[in-house]
Structures are given as C-alpha cells and as structure tokens.
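Here is a set of short exercises to work through with the model open beside you. Try each task on your own before you read its solution.

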Amino acid sequence: MQKTIPGCFFQQMYSSLTGISMERDHMKDLRRYLVLKYIQYLVLSSSNAVSTFLGLLGSSYAIIILQSAKVSSKSTAVLISSLAKADILVCITVVSAMVLWAFDARVSPPALAPALLQNLLTANAHVSCLLLSCVACEAYLITFFPTESRHLRTVRNARLTSRIIWMLVTAECALFQTDDLLKATGTSAPTRSPCALLSHFSSTASALLRSLSYFLGIILRIVNVYIYYKIFFSMSNRSTLKTK
C-alpha cells in the first residue's frame, strides 16, 4: 500500500487541478494566457527570466485546461495547445543549460552546445509568434466573418496549420544548426570542393533567413496590433449600440 501513495497523491493533485479548471471559465483563462504570450513574444523586444518563467507556468496551466472536453473540440484550442507545447523547447533549453553549467568544471561542453540551445529558443519564439498570429487571424474572422469563415475555422485546418508551422520552423533551425556545425568544424577545404560550396550556401541561406525572420517579426507585430485594434473598436461600437 505504501508504494501506491506517491502515485495516488499526484493523481489526486492532477484531478484537483482539473476540477478547479472545470469550475472556472475556460475561455477567460485561455484569453489571459494568450495575453501573457502576446506580451512575451510580440510586445517585449526579448524575453527575460520573469516573462519566461511566467510563460512556462501559463503553458502548464493551459495544458491542464485543454484536457477538458468543453474546449478541446475547438479550433482555437488546437492552436493554443500547440502554443503551450512549444514551451517544451524552453524547458529542454533550461534543463540542458543547468546541466552544462553544473558539469562545466569537470567536463568541457561540446562547442555546438550553446548554438543548439540558442536554436531551440529560436524555434520556440518563431513557432509561438506564428501561432499567436494564427489565433489573431481566427479572432478577426470570428468577429467580422463568423458565418462565412466557419468552413475555414475547423479543427482539421487548425491541426494542419500547426503541423506546417512546426515543419517550417524545424527546417529553419536545422539550417541554422548546419551552418553552426560547418563554422565549428572550420575545415580549410578548396573553394571548389563540395564542403566549401555547402558551407557557403548554408552561411548565405542562414544570413538571408535571419534577416527575413527579423522583418517578418516586425510585420507580425504590426498585423497583430491592427487586428486587435479593429476587433476592440468593433466590440466597442456594438456595446455602444446595445446601450442606446
């Protein structure tokens, strides 16, 4: 009986948390979570320790909320679920950095370790920004074209969109990691050799992709501000008309 106490304790704790989330308004909690994520990725110029910690807590709570059948069948919930799971990359980065820091005095860490951790954070930021923009676009469609866009706002399309985003960002960070690997090896091959051509191609493609990501991030910020500006004033006008 003693061996089952820890398992029963964690199961009871999870059930109590799920029960709390069942009693609350799920969508209000998820909206607060989205606000936190918008501040973390689309308002702040760079994430800090406080915003990252709060983001991890919010993602953990969002995953618990999304276990409810009331919200799991909605397309927005699929995007939010993928957004919350993207923070797993942050957890891996934090744990790996702590392990490298703990064993730094005994074992010399691999040269590519810092670059790999940075690429994981880049993947998390890019996935989160794109998913938040998808949520904003869906909110725009719900507000202004609720009936016309119903065939687009499906769970199937949300899952497909999430997969495409993950595939694109994975390919992007794989290119960044390849470029870091070739720079770390620093092989002095002839200029016409395949290794030198590959190194030149990956370096050029990575530089272009980083510049494109930077400008795309600015565009996404502007688009998100515009979308919520339109939604806010639309809702304000509707509430004003109702009061009249």
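The exercises below use a predicted model, and each one comes with a worked solution.

**Exercise 1. The overall fold**

Work out how many helices and strands the chain has, and in what order its elements run.

*Solution.*
Step 1: Start with the tally, which is nine helices and zero strands.
Step 2: Walk from the N terminus, and the elements read α-α-α-α-α-α-α-α-α.
Step 3: Now look at burial; of the 244 residues in the chain, 32% are buried.
Step 4: Turn to contacts between residues at least 6 apart in sequence; 80% of these join residues at least 24 apart.
Step 5: Finish with the surface; the chain exposes about 15,800 Å², and 70% of it comes from carbon and sulfur atoms.

**Exercise 2. Helix α5**

Decide whether helix α5 is largely enclosed, and list its buried residues.

*Solution.*
Step 1: Count along the helix: 10 of the 11 residues of α5 are buried.
Step 2: Draw the conclusion: α5 is therefore largely enclosed by the rest of the structure.
Step 3: Name the buried residues, which are Ser75, Thr76, Ala77, Val78, Leu79, Ile80, Ser81, Ser82, Leu83 and Ala84.

**Exercise 3. Two aromatic pairs**

Classify the ring pair of tyrosine 38 and tyrosine 228, then do the same job for tyrosine 140 and phenylalanine 144.

*Solution.*
Step 1: For orientation, the model has six aromatic pairs.
Step 2: The ring centres of tyrosine 38 and tyrosine 228 are 5.3 Å apart and the planes stand at 80°. Planes over 60 degrees apart count as edge-to-face, so this pair is edge-to-face.
Step 3: Place the partners: tyrosine 38 belongs to helix α2 (residues 26-43) and tyrosine 228 to helix α9 (residues 194-243), so the pair ties together parts 190 residues apart in sequence.
Step 4: Check burial, where under 20% relative accessible area means buried. Tyrosine 38, at 12%, is buried, whereas tyrosine 228, at 31%, is partly exposed.
Step 5: For tyrosine 140 and phenylalanine 144, the centres lie 4.7 Å apart with the planes at 45°, so this pair is tilted.
Step 6: Both residues sit in helix α7 (residues 113-144), and because they are four residues apart, about one helical turn separates them.
Step 7: Tyrosine 140 is partly exposed at 22% relative accessibility, and phenylalanine 144 is partly exposed at 28%.
Step 8: Add the neighbour: ring pairs join Tyr140, Phe144 and Phe145 into a cluster.

**Exercise 4. Charged side chains**

Find the salt bridges, say where their partners lie, and then look for a charge over the ring of phenylalanine 176.

*Solution.*
Step 1: The count to aim for is two salt bridges.
Step 2: One of them joins the side chains of arginine 32 and aspartate 29, at 2.8 Å from N to O. Because these residues are three apart in helix α2, about one helical turn lies between them. Aspartate 29 is buried, with a relative accessible area of 7%.
Step 3: Lysine 37 and aspartate 87 also meet in a salt bridge, at 2.6 Å from N to O. Lysine 37 is in helix α2 and aspartate 87 is in the loop between α5 (75-85) and α6 (88-102), so to speak a link between distant parts of the chain, 50 residues apart. Lysine 37 and aspartate 87 are both buried.
Step 4: Over the ring of phenylalanine 176 you will find the charged end of arginine 210, 4.0 Å from the ring centre.

**Exercise 5. Cysteines**

Determine how many disulfides there are, and check cysteine 137 in particular.

*Solution.*
Step 1: The count is zero disulfides.
Step 2: For cysteine 137, the nearest cysteine sulfur belongs to cysteine 134 and is 6.4 Å away. A disulfide needs sulfur atoms within 2.5 Å, and cysteine 137 is in no disulfide.
Step 3: Compare burial: cysteine 137 is partly exposed at 37% relative accessible area, while cysteine 129 is buried at 14% relative accessibility.

**Exercise 6. Around leucine 182**

Describe the setting of leucine 182 and name what it touches.

*Solution.*
Step 1: Leucine 182 is part of helix α8 (residues 155-185).
Step 2: Its relative accessibility is 22%, so leucine 182 counts as partly exposed.
Step 3: Leaving out residues up to four places away in sequence, leucine 182 touches Leu198, Ser199 and Ser202.
Step 4: The C-alpha atoms of leucine 182 and histidine 200 are 9.5 Å apart, with their positions 18 residues apart along the chain.

Technical notes
Residues are numbered from 1 along each chain as its sequence is written. Side-chain values use heavy atoms; hydrogens and water are left out. Rings of Phe, Tyr and Trp (its six-membered ring) pair if their centres lie within 6.5 Å; planes under 30 degrees apart count as stacked, over 60 as edge-to-face and the rest as tilted. Helices (H or I, at least four residues) and strands (E, at least two) are DSSP runs, numbered from the N terminus. Buried means under 20% relative accessible area, exposed over 50%, partly exposed in between (1.4 Å probe, protein chains only). A charge sits over a ring if NZ of Lys or CZ of Arg is within 6 Å of the ring centre and within 35 degrees of the ring normal. A salt bridge is a side-chain nitrogen of Lys or Arg within 4 Å of a carboxyl oxygen of Asp or Glu. Contact means heavy atoms within 4.5 Å. Accessible areas come from the Shrake-Rupley method with a 1.4 Å probe; for residues, only the protein chains shown count as cover.
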